[in-house]
Amino acid sequence: SFMIKKYLKLFEESLFKVQQYTKFSNTQWQFFLDSYEKIFRKIDKEVFVWYFQKNNSFNILQKNNEFIGIYGLIEIVINYNSQNINSFLCHNVGIKKEYSGKGLFQFLAEKSLIRNCNENNLILGFPNKASFKGHIRVGWEQISNMRFLKFDNLYSNVELSTIYKFENVERFDHRLESAMTNFRDNFSVSLVKDYKYLNWRIAKPNNSYKCFLIKEEESIQGYLILKEYQYENETRLHLVDFNFKDEHVLNEIIKFSIKYFQNGKYEFINTWSVENSIYENIFFKNNFIIQTDFPSYPVILFQKSNVFYFNKIDKSKIFFTLFDNDVF
C-alpha cells in the first residue's frame with residue numbers, strides 16, 4: 001500500500017510523462033539547463049555535474065519533448081533513532097509557472113517517489129513555502145521547522161576554552177569516521193555524513209568553505225565548516241555544517257565561529273537550526289537571535305508505508321544544518 005494521497009488531476013494524463021535521468025546527453029543538458037532557468041534561475045552546468053558525482057537522479061516531467069518540471073533525489077543516509085536508513089534528499093523541485101495549479105506538481109512527485117522509494121527508505125525535504133502545500137498533498141509529513149539564527153552582540157568578548165584545539169584542514173580524512181559514529185546517538189533524526197560525503201560536499205562549485213577539526217589532545221571531538229559569501233556589497237559568513245560529541249563541544253564551535261566572524265570583515269554570521277531543539281538553545285545562550293528577515297523552512301519526511309512512527313520522534317533532538325539542504 002503506497003502512502004500517496006489522492007489529489008486533483010486537472011490535466012490530460014496521457015499528454016505527460018515523467019522520465020528519470022542519472023546522466024544527460026548533450027541535447028538533454030540543453031533542455032535541462034533551459035528549463036531549470038525558467039523554473040528557478042540560471043545556474044552553471046558544473047553544479048549539476050557535481051550532483052551526479054553522487055547517486056543522484058533528476059525526474060523530469062515532460063510534455064512532447066519539453067522539460068516542464070524537475071524533481072531531484074540524491075542518495076543520503078539518515079540516522080533515525082540511531083539506525084542508519086538508506087534514504088534520499090529531495091532537492092531542486094519545481095514546475096514551470098504556466099503548468100501550475102493543475103496537479104502536475106503532485107503527479108511529478110508521485111511518479112518520482114514511487115520509482116525511488118521502498119519500504120525501508122525515508123525521503124527528506126526542506127521545501128520553501130511555495131512548494132510545501134504540494135508536498136503535503138501527496139503525503140509527506142512535517143516533523144519540524146528550520147530557522148535562521150544570527151549572532152546579535154557584536155562586542156561580546158568571547159573566551160575559548162583551553163581544553164580544545166581547532167585544526168584548519170583542506171579536506172577531511174578517516175580520522176573523523178569513528179568519532180562521527182559516536183556523535184550519531186546525540187540525535188533523534190540527522191544526516192549521516194562520513195568524511196567522503198563531506199569532501200564531496202565542500203567541493204560544490206563556486207563556493208568558498210573553511211573547514212576545522214576540534215580536538216581534545218589527539219581525539220576528535222567535532223568539526224565545523226564556515227562559508228564566506230558575497231551578496232551585493234555584503235560579505236556574509238554562514239556556519240553551514242558542524243557536528244559534535246556533546247553540548248560542551250557545540251558551545252565551543254559556536255564561540256569559535258563568533259571569534260572568526262569578529263576577526264573578519266563580515267556583515268553577519270548566521271546558521272540554520274531546528275526550532276525548539278536543545279541545540280538551538282545553546283545558540284541562544286551565545287547571543288544568537290532569530291533572523292526574521294530570512295524565511296523559515298519546514299522539515300518534511302516521506303515514507304512508502306507506515307513503518308516509521310514520525311509522531312514518536314523526540315523533536316528536541318532533531319539536528320540538521322545548512323549543508324543538509326543542498327542549496328548552501
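**Pocket, core and cavity**

Let's start with the second largest pocket, where helix H5 supplies the largest share of the lining, 4 residues. A pocket here is an open set of points on a 1 Å grid over the protein atoms alone, with protein on both sides within 12 Å along at least five of seven lines, and lining residues have an atom within 4 Å of a point. Helices are DSSP runs of H or I with at least four residues, strands are E runs of at least two, and both are numbered from the N terminus.

A word on the model: it is predicted, so local features need pLDDT of at least 70 and side-chain atom pairs 80 or more, while totals for chains, interfaces and linings use all residues. Numbering runs from 1 along each chain as its sequence is written, and side-chain values use heavy atoms, leaving out hydrogens and water.

Back at that pocket, 13 residues form the lining, with Met180, Thr181, Arg184, Val192 and Lys193 nearest the centre. Helix H5 (175-183) and strand E8 (189-191) are the elements giving two or more residues to it.

Now for the largest nonpolar core, a set of buried Ala, Val, Leu, Ile, Met, Phe, Trp, Tyr and Cys residues joined through side-chain atoms within 4.5 Å; buried means under 20% relative accessible area with a 1.4 Å probe, protein chains only. Among its 61 residues, Phe32, Leu124, Phe172, Ile225 and Phe320 touch the most other members. Strand E3 (residues 66-80) gives the most to this core, 6 residues.

Phe320 also turns up in the lining of the largest cavity, alongside residues including Trp272, Tyr279 and Phe283. A cavity is a set of points where a 1.4 Å probe fits but cannot get out.

Methods. Buried < 20%, exposed > 50% of the residue type's maximum accessible area, 1.4 Å probe, protein only.
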